[in-house]
Amino acid sequence: MARNPNSISANGNRLPLLPMKDMVLFPGMVVPLMVGRQRSLIAVEEAVATGRPLFLCTQRDASAEEPQREQLYDVGVRADVLQTLRGPDGALKLVVEATERARIRRVIPGPEFDEVQIVPLEVGQEAGADEL
C-alpha cells in the first residue's frame with residue numbers, strides 16, 4: 001500500500017478521510033459501516049496499518065462518488081477502527097467508534113486517498129446547521 005506522500009502520521013490532527021453517505025455520527029456511537037469506494041478502502045487500510053483513527057464526515061450529495069471539499073460537511077468525528085472484515089466482493093465491513101467531534105481545517109489530497117487536518121471541537125461547542 002502506498003502512503004500519502006503528504007502524510008504526517010505523528011500529527012494526531014491529520015487523519016485519513018472517510019466521507020459517508022446519508023449518515024451522521026456522534027461521539028460515543030459504535031456503528032458498522034460498509035466501505036466499497038477504492039479511495040475509502042485505501043484510507044481505512046492506512047488507518048489500520050498505522051494505528052491512526054479515521055475522520056468521518058457526511059457528504060452533502062450522497063450520489064457523488066469522489067466528493068470534493070465543497071461537497072463535505074465541515075464537522076465530523078474522529079473514529080477508531082475496532083474491527084474489519086473483507087467481503088468476497090472486495091468491500092470492507094468495519095466497526096468504528098466515534099470518539100470526538102472535530103471541524104475540517106483543510107483537506108490534503110493524495111494520489112490514493114485524502115487526509116484532513118482537523119480542529120477538535122470543545123464539548124458543548126455547536127456547529128452551524130450547514131456544517132452538520
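**Exercise 1. Work out how much space lies in the second largest pocket and what lines this pocket.**

Step 1. The second largest pocket holds about 220 Å³ of space. A pocket is an open set of points on a 1 Å grid over the protein atoms alone, where a 1.4 Å probe fits, with protein on both sides within 12 Å along at least five of seven lines. A volume is the space filled by probe spheres set on the points, which are joined across faces, edges and corners.

Step 2. Now the lining, meaning residues with an atom within 4 Å of a point. Among the lining residues of the second largest pocket are Leu18, Met20, Leu33, Val35, Arg37 and Glu65. E1 and E2 are the elements that give two or more residues to this lining.

Step 3. Sort the lining of the second largest pocket by class: seven residues are nonpolar, two polar and three charged. Here Ala, Val, Leu, Ile, Met, Phe, Trp, Tyr, Cys and Pro count as nonpolar, Asp, Glu, Lys and Arg as charged, and the others, Gly among them, as polar.

A word on the model before you go on. It is predicted, so local features need pLDDT of at least 70 and side-chain atom pairs count only at pLDDT 80 or more, while totals for chains, interfaces and linings use all residues. Residues are numbered from 1 along each chain as its sequence is written, and side-chain values use heavy atoms, with hydrogens and water left out.

**Exercise 2. Describe the largest pocket by its volume and its lining.**

Step 1. The volume of the largest pocket is about 320 Å³.

Step 2. Its lining has 17 residues, and Pro19, Arg39, Glu66, Pro67 and Asp114 lie nearest the centre.

Step 3. Strand E1 (14-20) and helix H1 (38-50) each supply at least two lining residues. H1 gives the largest share, four residues.

Step 4. By class, this lining of the largest pocket has eight nonpolar, three polar and six charged residues.

**Exercise 3. Find the order of the elements along the chain and the pairing partners of E5.**

Step 1. The chain has one helix and six strands, in the order β-β-α-β-β-β-β from the N terminus on. Helices (H or I, at least four residues) and strands (E, at least two) are DSSP runs, numbered from the N terminus.

Step 2. Strands pair if DSSP finds at least two bridges between them. E2 (residues 30-35) pairs with E5 (residues 92-108) in the antiparallel sense over six bridges, and Val35 has Leu92 as its bridge partner in E5.

Step 3. E4 (residues 75-86) also pairs with E5 in the antiparallel sense, over 11 bridges. Leu85 stands opposite Lys93 in E5. Five residues lie between E4 and E5 in their hairpin, and Gly90 in the turn has a positive phi of about 95 degrees.

Step 4. E5 and E6 (residues 115-120) run antiparallel, joined by six bridges. Ile108 stands opposite Glu115 in E6, and the hairpin from E5 to E6 goes through six residues.

**Exercise 4. Is Asp114 buried or exposed?**

Step 1. Locate Asp114: it sits in the loop between E5 and E6.

Step 2. Asp114 counts as buried because its relative accessible area is 17%, and buried means under 20% (exposed is over 50%, partly exposed in between, with a 1.4 Å probe and protein chains only).

Step 3. The C-alpha atoms of Asp114 and Ile42 are separated by 9.4 Å, although these residues are 72 residues apart along the chain.
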